[in-house]
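Work through the exercises below with the sequence and the model in view. Each task is followed by a solution that goes step by step.

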Amino acid sequence: MTNIPLIPVLLLGAVLFCLGLLAVITKRHAIVVLMGIELIFNAANLNLVAFNRLQPDLMQGQIFSVFVMVIAAAESAVALAIILKVYQYFKTVNLDQIGSGTDT
Amino acid sequence: MNPVLLLFYVFGLMAVGAAAFMVATKNVLYAAFGLLITLLSLAAIFILLFADFVAVAQLMIYVGGVVVLILFGVMLSNQVQGKAVQSESVNRWSGSLVVLTLFGGLAYLILSANYLVPAAPLASAGDLPETKTSIITIGIRLITNFALPFEVASLILLIALMGAAYISTEEKHD
């Protein structure tokens, strides 16, 4: 039985979480921010699957990661619909230009 | 070093490199492709972690659904024709500082934590058959212990799809 130790998996999850957070903080294109959020979801999934192996008979981590995927799919569908509506209204998806009140 | 661990490091480096490329690049389409490589590498890592159902779900939901949805979003929200879609970045240095600080804290927490590994599996899991795959266990758990979260998740998915369809339709009355 070859096993991957727990610590590298958790560190990989932390790296992916930080990169997703960096995309959310620094990028101004709304779709790239959405991609960063997807990356954060994946880092959470990786942690859930990694901790699942501490109790492999219950499968709680894997089942919960499937639920996280369902929520992420629903979230991205709604967010892209909102982004398309915002684009029709403001003619841009740059978050700074939207936030600075180009309407009225 | 055994081959499973070697494969884990290869796919982990691929995932981190593609995610870093996604953050670094200005082209939104290239960022979507970087996200695609990251998701595929994570599916491989899920297989190495004995989570085959999660890996297949990752391939179907993320690679087959979310990335395609994001690519359609990039295409439909593009005003300039014949020019690559660019993404500005702001607060690059302060954002990097915040993220590096957070990663330092997380790494310290991960490396110094005391993981409580349960000595023996719980007694309720004893009646499940010993299998190589996790699909049977996940299926049984989904209709017994996790039936209510399963139904709530399906309801949330239905409501989200209805909401997305309602938001993206044109208003008829005006």
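Two residues are in contact if their C-beta atoms, placed from the backbone, lie within 7 Å. This is a predicted model, in which local features need pLDDT of at least 70 and side-chain atom pairs count only at pLDDT 80 or more, while totals for chains, interfaces and linings use all residues. Residues are numbered from 1 along each chain as its sequence is written, and chains are lettered from A and ligands numbered from 1 in the order in which they are written.

**Exercise 1.** Describe the fold of chain A and decide whether chain A is spread out or compact.

Begin with the elements, where helices (H or I, at least four residues) and strands (E, at least two) are DSSP runs, numbered from the N terminus. Chain A has 4 helices and 0 strands, so that the order from the N terminus reads α-α-α-α. Next, take the radius of gyration, computed over C-alpha atoms, and the globule rule, which is 2.2 Å times the number of residues to the power 0.38. For the 104 residues of chain A the rule gives 13 Å, and because the radius of gyration is 18 Å, well over that value, chain A is more spread out than a compact globule. The C-alpha trace, followed along its principal axes, spans about 65 × 25 × 15 Å.

**Exercise 2.** Find which helix of chain B gives the largest share of the side that touches chain A.

Start from the totals: 61 residues of chain A are in contact with 77 residues of chain B. Then list the elements of chain B that give two or more residues to this side, among them helix 1 (3-24), helix 2 (28-48) and helix 3 (52-76). The largest share, 12 residues, comes from helix 3 of chain B. Finally, sort by class, counting Ala, Val, Leu, Ile, Met, Phe, Trp, Tyr, Cys and Pro as nonpolar, Asp, Glu, Lys and Arg as charged, and the others, Gly among them, as polar. The side of chain B that touches chain A then has 57 nonpolar, 17 polar and 3 charged residues.

**Exercise 3.** Determine how helix 1 of chain A lies against helix 1 of chain B, and do the same for helix 2 of chain A and helix 2 of chain B.

Two packed helices are described by the angle between their axes and the distance between the axes. Axes are lines fitted to C-alpha atoms, for helices over the stretch in contact, and angles run from 0 to 180 degrees between N-to-C directions. Angles under 35 degrees count as roughly parallel, over 145 as roughly antiparallel, 65 to 115 as roughly perpendicular and the rest as oblique.

For the helix 1 pair, with residues 6-26 forming helix 1 of chain A, the axes are 9 Å apart at an angle of about 10°, and the two helices are therefore roughly parallel to each other. Among the residues that meet here are A:Leu12 and A:Val15 on one side and B:Gly12 and B:Ala15 on the other. This contact divides into 12 nonpolar, 1 polar and no charged residues.

For the helix 2 pair, with residues 30-52 forming helix 2 of chain A, the axes come within 11 Å and cross at roughly 10°, which makes helix 2 of chain A roughly parallel to helix 2 of chain B. The contact includes A:Glu38 and A:Asn42 from chain A, and B:Thr38 from chain B. Its residues divide into 14 nonpolar, 2 polar and 1 charged.

**Exercise 4.** Locate B:Ser89 and name the residues of chain A that B:Ser89 touches.

B:Ser89 sits in the loop between helix 3 and helix 4 of chain B. Not counting residues up to four places away in sequence, B:Ser89 touches A:Thr26, A:Lys27 and A:Arg28.
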